[in-house]
Amino acid sequence: MRTREGGGMLECAVVVPFRNEVRMRTNDLTNEVLATLRKPRPYPAVTLVLPTHRTKPDKLQDPVRLRNLIAETGRRLAEDPLVPASARADVIKQLEQAENELDPTYALDTLVVFAAQGEHQFWHLPRRSGAERIVINDTFLTRNLVAAHAQNRPYWVLTFDEEKARLFSGVGEQLTEEQRFGFPVEHETELSERERASRTGDFTTGYRDEAALQHLRDVDAGLSKVLETEPRPLLIAGLQHGLTALADVGTHTARNALATVPKGGLANARPSVVHEAVAPARAESLRARADEALARLGEAIGRKEFVVGIDEVWRAAKEGRLSLLVVEEPYRQKVRLTGGHLSPAADDAVSDESGEVYDDIVDETVEWALSTEAEVVFVADGALAEHDRIAGVVRYTWAG
């Protein structure tokens, strides 16, 4: 593997792939897309990772920094004896086309640009970790996308009141209203529960009449269909008495929600307002998911159904034995593969007769895990200090 790399910052969601394709969102980042990106390209395949800013004045420096990265890439390609002049010109042209197509409106926390002969694409990611980088190889570096894919699991958000229920599909920070599965569910009332409560002074009695309860049953039926067709974590936002009533009707689907947010006024709110309202509950659920993963790892260690360290975890991932992979968020590791085992490699190491060098084996390990339907959970720096920063729960162990 041939590698040239630079140092510097990083991280999911709006993507503008090849010139004539439509703009995609994070939920388009599937295992299949990742697998396509990881396929070998004719050398050189260039990956640029650039930390970006969402607001001014810092946002104004991002185009200049990208231009500098592209210029530095051109210098490195010119100095690389393995890169013909025609290939260098093509790849730089692709990088410049990507630069021209970038719309600063969509800037998030990290920009990742991929370019090879005859192709380019770029991704705006709402996560930040790692460093500014230039990687020249025969594959694209997809670690940032992999981390985004693993951390930004799709979820559902339901907002409702006495008259309307809306369903949103969420990935990371993005919410998109869904108009399927019978949503939005609307119910016209002569006197809303809120108005009735304001007149009587009783805000705790919940839904009173049969029509209002039927509205909730319709919402419950729609939710059941949603979760049966596309199972995802569910967050529900509404007034507390409505949350209680919804949990008590029909199939009781609402009782299995990942979190409930007792907040009214969201049934007609913009997606950005809904996201802001549910963000604390979702953040807490992500922390709980990390804690749960660490607890599962601890139980597996007690049963001796685990692997730790990059060498053991990488081999288990390739063998399809992982059911859960837990990795510290900022962990990267350059390694040399010799005799079927990995060992740390120096930053300037290159592949030679002593073994093949992998620039970031953590990236590849995560992708192997995802491709075999293992669950991948990123945890805080230091959480796996006793396990060399990466560990896994295995589906089975080898006898003997």
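This section describes helix packing, a nonpolar core, strand pairing and backbone geometry in a predicted model.

Helix H9 (residues 309–318) packs against helix H10 (residues 361–371). The axes of H9 and H10 come within 8 Å and cross at roughly 35 degrees, and the crossing is left-handed. On the H9 side, the contact is made by Ile310, Val313, Trp314, Ala317 and Lys318. On the H10 side, Ile361, Val362, Glu364, Thr365, Trp368 and Ala369 take part. By residue class, the contact of H9 with H10 comprises eight nonpolar residues, one polar residue and two charged residues.

The largest nonpolar core contains 39 residues. Within this core, Leu145, Leu322, Leu325 and Val366 touch the most other members. In soluble globular proteins, nonpolar side chains tend to be buried together. For Leu322, the contacts beyond four places in sequence include Val313, Ala316 and Ala317, of which Val313 and Ala317 also belong to the H9 side of the contact with H10. Ala369, a member of the H10 side of that contact, likewise touches Leu322. The remaining partners of Leu322 in this set are Val307, Ala374, Gly392, Val393, Val394 and Arg395. Of these, Gly392, Val393 and Val394 fall within strand E19 (390–394).

Leu322 also lies in strand E14 (residues 322–328). E14 pairs with strand E18 (375–379) in the parallel sense, over five bridges. One residue pair in this arrangement is Val327, which stands opposite Phe378 in E18. Four of the five residues of E18 are buried, and the strand is thus described as mostly covered.

A separate description applies to the open sheet of three strands in the order E16-E15-E17, in which the pairing is antiparallel. Strand E16 (341–344) and strand E17 (356–358) stand at the edges. Each of these edge strands has a single partner strand, so one side of each is left without a neighbour in the sheet. Direction ignored, neighbouring strands of this sheet are turned by 35 degrees against each other on average. Strand E15 (residues 335–338) is joined to E17 by three bridges, and Leu337 has Glu356 in E17 as its bridge partner. H9 packs on this sheet as well, touching E15 and E16. The direction of H9 makes about 145 degrees with that of E16. H9 therefore has contacts both with the sheet and with H10, and Val313 and Ala317 of H9 are in contact with Leu322.

Two cis peptide bonds are described here, each preceding a proline. The bond joining Lys56 and Pro57 has an omega of about 5 degrees, and Pro57 is placed in the loop between strand E3 (45–51) and helix H2 (62–79). The bond joining Phe183 and Pro184 has an omega of about 0 degrees. Pro184 is found in the loop between strand E9 (174–178) and strand E10 (185–186).

The loop between E9 and E10 also holds Phe181, a residue other than glycine with a positive phi, near 60 degrees. Phe181 has a relative accessible area of 14% and is therefore classed as buried. Arg389 is not a glycine either, and its phi is positive at about 75 degrees. Arg389 lies in the loop between E18 and E19. With a relative accessibility of 27%, Arg389 counts as partly exposed, whereas Phe181 is buried.

Key. Residues are numbered from 1 along each chain as its sequence is written. This is a predicted model: local features need pLDDT of at least 70, side-chain atom pairs count only at pLDDT 80 or more; totals for chains, interfaces and linings use all residues. Side-chain values use heavy atoms; hydrogens and water are left out. Axes are lines fitted to C-alpha atoms, for helices over the stretch in contact, and angles run from 0 to 180 degrees between N-to-C directions. Helices (H or I, at least four residues) and strands (E, at least two) are DSSP runs, numbered from the N terminus. A crossing is left-handed if the near helix is turned anticlockwise from the far one by less than a right angle, and right-handed if clockwise. Contact means heavy atoms within 4.5 Å. Ala, Val, Leu, Ile, Met, Phe, Trp, Tyr, Cys and Pro count as nonpolar, Asp, Glu, Lys and Arg as charged, and the others, Gly among them, as polar. A nonpolar core is a set of buried Ala, Val, Leu, Ile, Met, Phe, Trp, Tyr and Cys residues joined through side-chain atoms within 4.5 Å. Buried means under 20% relative accessible area, exposed over 50%, partly exposed in between (1.4 Å probe, protein chains only). Two strands pair if DSSP finds at least two bridges between them.
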